[in-house]
Amino acid sequence: MARSIDLAVIPGDGIGPEVVDQGLKVLTAVLPGDVKLETTTYDLGAKRWHATGETLPDAELERLKAHDAILLGAIGDPTVPSGVLERGLLLKLRFVFDHYVNLRPSKLFPNTPTPLAGRPDIDFVVVREGTEGLYVGNGGSVRTGTPAEIANEVSVNTAYGVERVVRDAFERAAARPRKKLTLVHKTNVLVHAGHLWQRTVDRVAQEYPQVSTDYLHVDAATIFLVTQPERFDVIVTDNLFGDILTDLAAAVTGGIGLAASGNINPTGAFPSMFEPVHGSAPDIAGTGKADPTATVLSVALLLRHLGHEAEAARVEEAVTADLAERDAAAPRSTDAIGDALAARVSG
Ligand SMILES: NC(=O)c1ccc[n+]([C@@H]2O[C@H](COP(=O)([O-])OP(=O)(O)OC[C@H]3O[C@@H](n4cnc5c(N)ncnc54)[C@H](O)[C@@H]3O)[C@@H](O)[C@H]2O)c1
Ligand SMILES: CC(C)[C@H](C(=O)O)[C@@H](O)C(=O)O
Ligand SMILES: [Mg+2]
């Protein structure tokens with residue numbers, strides 16, 4: 001376990017800086033005195049793009065590489081054309097740092113609101129592939145803007161890329177009490193990519209006899225996430241399906257303000273990056289309404305990734321205790337929630 005943490009911080013846009021402040025507050029409060037935390041803030045996002053036209057210059061990318069980990073708030077702004085920052089900054093980081101495991105846990109904490117009847121026991125993790133699929137930008141448009149336009153967006157699935165994320169998902173399933181892995185895809189239509197995923201799961205499964213496996217088409221998976229979410233333990237899926245499923249998963253487990261994620265490079269070759277699942281929420285930016293809990297739980301994932309298991313658990317316990325006492329009729333500000341969580345982890 002490292003006695004120092006050299007952390008890059010990208011607050012980003014909208015509510016990003018607001019929630020990152022709270023995440024750092026809790027991180028500072030939970031670390032023992034002999035662990036030195038050093039943070040470097042990177043000014044990247046909409047303001048930077050408006051000022052200089054840059055999204056992620058090479059020099060900054062090089063500097064980012066040297067950190068132990070990255071904490072990111074959110075990227076995206078209505079004044080910037082859609083995709084410029086998402087592709088040029090966020091996805092660039094995930095791709096260049098080879099964050100092939102996009103880890104998104106979903107848990108229904110006690111006392112948190114859910115639209116589901118009967119408060120099912122929800123505790124699963126989505127292992128979303130993070131570097132391939134429809135996200136790679138493999139496409140183009142011809143006759144753009146004319147009635148004859150043809151736009152292609154082609155999904156890339158490599159045997160190498162699918163196998164490494166499937167292996168990671170099996171390892172995670174094997175380490176969990178229920179030891180169950182569900183592949184979610186659309187093999188009945190996407191027969192090329194889907195069959196590669198299914199064959200890979202079937203092959204790797206032979207090395208994990210203790211893990212039970214099943215399969216759901218992504219459309220059916222959305223049904224079961226609402227009607228029977230307790231059936232899930234580890235879900236492994238491609239980049240786009242994982243994006244959509246994890247917003248849905250957040251909605252049934254207390255809302256997007258609670259959903260944490262880690263973009264992991266398991267080899268350690270590049271820094272992993274931790275961020276809430278949500279975006280920059282321009283509709284509530286500056287109002288103090290943003291829930292920083294997703295960022296704080298992402299800090300717990302960061303701590304666990306860096307080997308600070310006891311501190312990660314303390315952060316999660318603080319969140320559990322805080323949620324147990326929340327009163328929907330008396331919402332607190334972003335800052336107040338951050339203060340309360342920081343007080344709990346240091347108390
Ligand atoms: N990782 C990221 O940086 C990331 C993730 C998703 C979306 N985005 C970007 O963010 C921008 C806005 O996207 P969007 O509106 O589709 O998604 P969003 O997640 O920003 O917002 C969706 C809804 O959830 C609410 N919400 C989000 N976070 C919340 C929080 N912490 N507490 C309370 N409510 C919260 C918002 O107010 C909004 O009503 C876009 O530019 C998008 O590309 C970035
Ligand atoms: C902003 C966007 C590129 C991103 C994604 O699609 O991965 C976001 O929705 C997320 O879930 O982190
Ligand atoms: Mg998303």
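Which residue stands opposite Ile235 in strand 10? Val126 does. This report builds outward from that pair.

This is a predicted model, in which local features need pLDDT of at least 70 and side-chain atom pairs count only at pLDDT 80 or more, while totals for chains, interfaces and linings use all residues. Residues are numbered from 1 along each chain as its sequence is written, and chains are lettered from A and ligands numbered from 1 in the order in which they are written.

**The sheet**

Helices (H or I, at least four residues) and strands (E, at least two) are DSSP runs, numbered from the N terminus. Two strands pair if DSSP finds at least two bridges between them. Ten strands make an open sheet here, in the order 2-1-3-12-11-4-5-10-8-9. The pairing is mixed. Strand 2 (36-41) and strand 9 (212-217) are the edges, each paired on one side only. Neighbouring strands are turned by 25° against each other on average, direction ignored. Strands of a sheet pair through backbone hydrogen bonds, either parallel or antiparallel.

Strand 10 (residues 234-237) runs parallel to strand 5 (residues 123-129), and four bridges join them. Strand 8 also runs parallel to strand 10, again with four bridges. The table lists residues set against strand 10.

| Residue | Opposite or bridge partner in strand 10 |
|---|---|
| Val126 | Ile235 |
| Val127 | Val236 |
| Val184 | Thr237 |

A residue is buried if 20 or more other C-beta atoms lie within 10 Å of its own, exposed if 12 or fewer, and partly exposed in between; C-beta atoms are placed from the backbone. Val234 and Val236 point one way from strand 10. Ile235 and Thr237 point the other way. All four are buried.

**Helices on the sheet**

Two residues are in contact if their C-beta atoms lie within 7 Å. Axes are lines fitted to C-alpha atoms, for helices over the stretch in contact, and angles run from 0 to 180 degrees between N-to-C directions. Helix 5 (residues 159-174) lies across strand 4 (101-107), strand 5, strand 8 (180-185) and strand 10. Helix 5 runs at about 165° to strand 5. Helix 7 (residues 218-227) packs on the sheet, touching strand 8 and strand 9. The direction of helix 7 makes about 105° with that of strand 9.

**Helix 1 and Thr334**

Helix 1 (residues 16-30) has 15 residues. From first C-alpha to last it reaches 21 Å, close to the 21 Å expected (1.5 Å times one less than its number of residues). Twelve of its 15 residues are buried, so helix 1 is largely enclosed by the rest of the structure. Among the buried ones are Glu18, Val19 and Gln22.

Thr334 touches those three residues, and also Gly288, Ala290 and Pro292, not counting residues up to four places away in sequence. Thr334 belongs to helix 11 (residues 334-346). Thr334 counts as buried because it has 22 C-beta neighbours inside 10 Å. Gly288 is 46 residues from Thr334 along the chain, yet their C-alpha atoms are separated by 5.2 Å.

**The ligands**

A residue is near a molecule if its C-beta atom lies within 6 Å of it. Ligand 1 has 20 residues around it, and Gly76, Gly257, His278, Gly279 and Ala281 come nearest. Around ligand 2 are Gly76, Glu86, Leu90, Leu91, Asp243, Val277 and Gly279. Helix 4 (residues 84-96) gives the largest share of that shell, three residues.
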